[in-house]
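Reader: I would like a close look at a single part of this model. Please take one strand and its surroundings, and keep it brisk.

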Amino acid sequence: MSQSDLPIVIIGAGPVGLAAAAHLLARDMNPLIFEAGSQAGESISQWGHVSMFSPWEYNVDKEAAKLLATTGWQAPDAGTYPTGRELLNRYLLPLAELPVIRDRLHLNTRVHAVTKAGADVQKTKGRDAAPFLVRVKGPNGERDIQARAVIDASGTYETPNWLGASGIPALGELNAKAHVAYGLPDVSGSARARYQGRRVLVVGGGHSAFNALQDLAQLPDTKVYWAIRGHSLEKILGGGANDKLAERGNLGLRIRALLEQGKITLFQDVSISQVETTDEGVVVHSNGQPLPAVDEIIVATGFRPNLQLLSELRLAIDPATQSPAQLAPLIDPNEHSCGTVRPHGIDELSHPDQGIFIVGMKSYGRAPTFLMLTGYEQVRSVAAGLAGDWDAARRVELELPETGVCSLQFEAQEETSSCCAPANPAQAICCESQEPLPVPSTQKPSCCTPATRA
């Protein structure tokens with residue numbers, strides 16, 4: 001069998017993974033999808049209670065919608081905002097049930113490693129001609145699959161960041177695990193009994209933290225503390241009424257109101273080094289000083305990619321963001337505090353080993369600026385490139401919504417522009433040191449404020 005006859009393996013059956021399958025099918029290629037969970041979108045099911053801040057129009061891939069339309073599927077109202085559960089039930093699960101997808105989807109099957117057949121990471125001779133070898137483990141045990149290309153859309157939800165400020169667990173963090181939850185627990189639903197009437201500390205400065213905070217503040221007799229690493233609430237709370245993703249802006253406004261009402265106690269400039277379990281409760285130490293004792297901690301400090309399964313491949317990974325090296329300068333929050341996102345596709349996602357692509361949330365590594373629409377554009381470009389349609393692969397077909405803070409919609413122009421030029425000088429709160437970014441005359445840039453982490 002020649003390489004051109006081999007399947008293209010997709011790791012993960014979330015929205016971006018299934019969108020990749022739809023785009024490959026549209027180009028008469030053969031995707032093979034492996035999902036570690038028991039259903040498509042397994043990670044989404046863990047935060048199904050959360051309302052998304054992007055409306056349906058930004059959450060449905062166009063090629064996937066075409067497949068669904070053949071069954072009589074009706075797209076949800078483009079301007080309404082789904083919860084994670086609605087995204088699953090009204091879009092992703094129906095997509096996964098289409099015979100053309102279902103026949104290629106293997107559930108409860110985890111990818112443990114991707115390498116080159118007969119060549120470890122050190123071997124060069126014959127490397128480019130070797131197909132990929134994908135080791136999977138499912139209900140029938142282990143097996144190896146050969147593939148002409150691999151699209152890793154496995155996401156980051158299974159690998160949350162630690163509470164500790166140094167990138168590793170804080171001292172005592174693992175010992176306190178019975179009192180620590182990572183990600184987005186269902187505070188108002190299945191986890192209500194754990195948090196109601198308790199003292200709860202939320203650590204994190206992004207929208208995951210916002211969701212936890214607003215739900216905790218509604219629970220009777222619950223004392224809510226909030227710890228952030230930074231000191232600028234304006235930067236963290238975002239564009240408010242100016243945000244073109246209205247629900248994202250409203251979420252920031254709701255948190256601001258809860259702070260003003262005294263329902264949340266805020267600690268700023270927090271750098272956690274130790275978690276101590278005492279008779280009074282769990283005590284977090286920051287900069288040598290203890291915060292008030294609490295009963296529970298919710299860690300909403302973002303996520304990181306698991307790159308171990310790709311360790312036998314030759315990847316170009318940025319050491320800071322842990323994203324593809326050519327993508328990193330566009331998304332690095334150390335350099336782009338307003339969340340500048342320039343259109344990107346197959347070129348920015350390529351690696352020294354040709355044919356391996358990390359897409360979706362995982363492509364952003366530790367950077368917090370990802371929107372689902374970005375992932376759909378990525379896989380559209382990758383599928384076009386794998387089909388040899390390089391004009392389509394390099395054509396920009398993405399416009400992202402702005403926040404209204406530290407952003408300005410530019411008309412295409414030949415001169416150098418900055419995506420962080422404020423529309424109003426009073427809004428210039430996070431871009432004073434930003435260097436202008438060159439904008440090719442064929443591109444129309446747009447920005448989105450990152451869900452800044454604590």
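Author: Strand β9, helix α7 and strand β10 form a β-α-β unit, and the unit is right-handed. The model is predicted. In sequence, β9 covers residues 199-203, α7 covers residues 207-216, and β10 covers residues 223-227.

Take β10 as the part to examine. On one side of the pairing list is β9: the two strands run parallel, joined by five bridges. Within that pairing, R199 stands opposite K223 of β10. β10 also pairs with β11, residues 265-267. That pairing is parallel too, with three bridges. Here Y225 has T265 of β11 as its bridge partner.

How buried is β10? Four of its five residues are buried, so the strand is largely enclosed by the rest of the structure. Buried here means under 20% relative accessible area. As a general point, side chains in a regular strand alternate between the two faces of the sheet.

Now a buried charge elsewhere in the chain. R304 sits in the loop between β15 (296-299) and α10 (328-331). R304 is buried, yet has no salt bridge. E173 is the nearest side chain of opposite charge, and it is 8.8 Å away. A salt bridge needs a side-chain nitrogen within 4 Å of a carboxyl oxygen, so E173 does not provide one. What does lie by a polar atom of the R304 side chain? The backbone oxygen of G167 does, at 3.2 Å.

How values were computed:
Residues are numbered from 1 along each chain as its sequence is written. This is a predicted model: local features need pLDDT of at least 70, side-chain atom pairs count only at pLDDT 80 or more; totals for chains, interfaces and linings use all residues. Side-chain values use heavy atoms; hydrogens and water are left out. Buried means under 20% relative accessible area, exposed over 50%, partly exposed in between (1.4 Å probe, protein chains only). Two strands pair if DSSP finds at least two bridges between them. A crossover is right-handed if, with the strands pointing away from the viewer, the path from the first strand over the helix to the second runs clockwise. Lys and Arg count as positive and Asp and Glu as negative; His and the chain ends are not counted. A polar contact is a pair of N or O atoms within 3.5 Å; within protein, one must be able to donate a hydrogen and the other to accept it, and residues adjacent in sequence count only if both atoms are side-chain atoms.
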